[in-house]
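The following exercises are to be worked through with the sequence and the three-dimensional structure at hand. Each task is followed by a solution in steps.

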Amino acid sequence: MRERRPYIGGNWKMFTDRNSASHLARGVIDGLARESSIDIAVFPPFPYLITVGSILRDRPSTIRLGAQDCWTKQEGAFTGEVSAHMLKDCDVRVVLAGHSERRHVIGEPDSLINQKVLAILEDGLDCILCVGETLEQREQGKADDVNREQLLKGLSFVRKEHLERLTIAYEPVWAIGTGRTALPHDAQDAHEKIRGLVASLYDAETAETIRIMYGGSVKPGNAQELFAQKDVDGGLIGGASLVAADFVAIARAGVVSAGRSSALG
Ligand code: PGA
């Protein structure tokens, strides 16, 4: 059975400029170029993809170039949009879909997110599908239903063989950029339920091999405990990914958890 390597992503959101993005990319490579037991990706803003991509290419490493979003069609009259196809042409390997800021600030519905997931996978790219409940939904006891619904709709028509290139990110909205992190056992509980849902949608082996990252105020100080949870396969990092030393420290917590799972066999 395929082992679940920890996956650590740095979502730079709408931060950095050309200089600081280059500097950050170099800092990430300096700290992590030699790490081979985890998967690492950085998600710069669109205008800096080429610059960051060329920095990544110059220094051999396994760090992947990621994009924060894309449109559903390969090309066409969609002013302002960018296709998965174009991203691939710029050496992007992985694209986020359904980030909570796209859902709740921009207003993307599940049906659009699903079309994006399908477009990303059809184009041969990896996809990270983000799901997660708001504070209000959590307080109303609806967290599991919301995650279930977002996952069911996000994965509609996704073929089993494409799931090898899909990672799920559980990102409770109330924990994103707020400094509030889910307690490790709450994250574990949500991840276990999400894995169970994947088993019911596909099969047990698929559920066992799919990676589920946690996102929401992950910091160097809490990463290790979160990543130590059985069903937490790394993290999608926002704020802390803008400081190279913090992102490197978080990724190293992923390395520790990779060591732990290989020791367990
Ligand atoms: P945060 O963001 O680490 O700043 O909470 C996480 C995310 O939005 O992916």
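**Exercise 1. Two helix pairs**

Is the crossing in which α7 passes α8 left-handed or right-handed? Describe the geometry of this pair, and then treat α1 and α2 in the same manner.

Solution. The model is a predicted one.

Step 1. Two packed helices are described by the angle between their axes and the distance between the axes. For α7 and helix α8 (residues 184-201), the axes come within 10 Å and cross at roughly 40 degrees. Angles under 35 degrees count as roughly parallel and those from 65 to 115 as roughly perpendicular; the crossing therefore makes α7 oblique to α8.

Step 2. The handedness is read from the way one helix passes the other: α7 passes α8 in a right-handed crossing.

Step 3. The contact is formed by Asp144, Arg148, Leu151 and Leu152 of α7, which meet Lys193, Ile194, Leu197, Val198 and Leu201 of α8. Sorted by class, these residues comprise six nonpolar, no polar and three charged.

Step 4. Helix α1 (residues 18-32) and helix α2 (residues 49-58) have axes that come within 9 Å and cross at roughly 25 degrees. With the limit for roughly parallel set at angles under 35 degrees, α1 and α2 are therefore roughly parallel to each other. Their crossing is right-handed.

Step 5. On the α1 side the contact is made by Arg18, Ala21, Ser22, Ala25, Arg26 and Ile29, and on the α2 side by Thr51, Val52, Ile55 and Leu56. Six of the contact residues are nonpolar, two are polar and two are charged.

**Exercise 2. Salt bridges and their surroundings**

How many salt bridges does the structure hold? Examine three of them, and state for each partner whether the residue is buried or exposed.

Solution.

Step 1. The structure holds 27 salt bridges.

Step 2. One of them joins glutamate 108 to lysine 116, with the closest N and O atoms 2.6 Å apart. Residues under 20% relative accessible area count as buried. Glutamate 108, at 8%, is therefore buried, and lysine 116, at 1%, is buried as well.

Step 3. A second salt bridge brings together the side chains of arginine 159 and glutamate 122, at 3.8 Å from N to O. Arginine 159 lies in the loop between α7 (143-154) and β6 (166-170), and glutamate 122 lies in helix α5 (residues 110-122), so the pair ties together parts that are 37 residues apart in sequence. Arginine 159 counts as partly exposed at 41% relative accessibility, whereas glutamate 122 is exposed at 54%.

Step 4. A third salt bridge links lysine 230 with aspartate 231, the closest N and O atoms being 3.3 Å apart. Lysine 230 is exposed, with a relative accessible area of 62%, but aspartate 231 is buried, with 3%. Both residues belong to a network of salt bridges that also includes Arg4, Arg195, Glu208 and Asp233.

**Exercise 3. The loop between α7 and β6**

Where does histidine 162 lie? Compare its accessibility with that of phenylalanine 157.

Solution.

Step 1. Histidine 162 lies in the loop between α7 and β6, and phenylalanine 157 has its place in the loop between α7 and β6 too.

Step 2. Histidine 162 counts as buried at 12% relative accessibility. Phenylalanine 157, at 73%, counts as exposed.

Step 3. Leaving aside residues up to four places away in sequence, histidine 162 touches Leu121 and Glu122. Glu122 is also the salt-bridge partner of arginine 159.

**Exercise 4. Positive phi angles**

Which phi does aspartate 91 have, although it is not a glycine? Give a further example.

Solution.

Step 1. The phi of aspartate 91 is positive, at about 75 degrees. This residue is found in the loop between α3 (84-89) and β4 (94-97) and counts as partly exposed at 41% relative accessibility.

Step 2. Phenylalanine 157, likewise not a glycine, has a positive phi of about 65 degrees.

**Exercise 5. A residue in a strand**

Is valine 42 buried or exposed? Identify its contacts.

Solution.

Step 1. Valine 42 lies in strand β2 (residues 39-43). Its relative accessible area is 1%, and the residue is buried.

Step 2. Not counting residues up to four places away in sequence, valine 42 touches Gly10, Trp12, Val28, Val52, Leu56, Arg64, Leu65, Gly66 and Phe247. Of these, Val52 and Leu56 also take part in the contact of α2 with α1.

Definitions and conventions:
Residues are numbered from 1 along each chain as its sequence is written. This is a predicted model: local features need pLDDT of at least 70, side-chain atom pairs count only at pLDDT 80 or more; totals for chains, interfaces and linings use all residues. Side-chain values use heavy atoms; hydrogens and water are left out. A salt bridge is a side-chain nitrogen of Lys or Arg within 4 Å of a carboxyl oxygen of Asp or Glu. Buried means under 20% relative accessible area, exposed over 50%, partly exposed in between (1.4 Å probe, protein chains only). Helices (H or I, at least four residues) and strands (E, at least two) are DSSP runs, numbered from the N terminus. Axes are lines fitted to C-alpha atoms, for helices over the stretch in contact, and angles run from 0 to 180 degrees between N-to-C directions. Angles under 35 degrees count as roughly parallel, over 145 as roughly antiparallel, 65 to 115 as roughly perpendicular and the rest as oblique. A crossing is left-handed if the near helix is turned anticlockwise from the far one by less than a right angle, and right-handed if clockwise. Contact means heavy atoms within 4.5 Å. Ala, Val, Leu, Ile, Met, Phe, Trp, Tyr, Cys and Pro count as nonpolar, Asp, Glu, Lys and Arg as charged, and the others, Gly among them, as polar.
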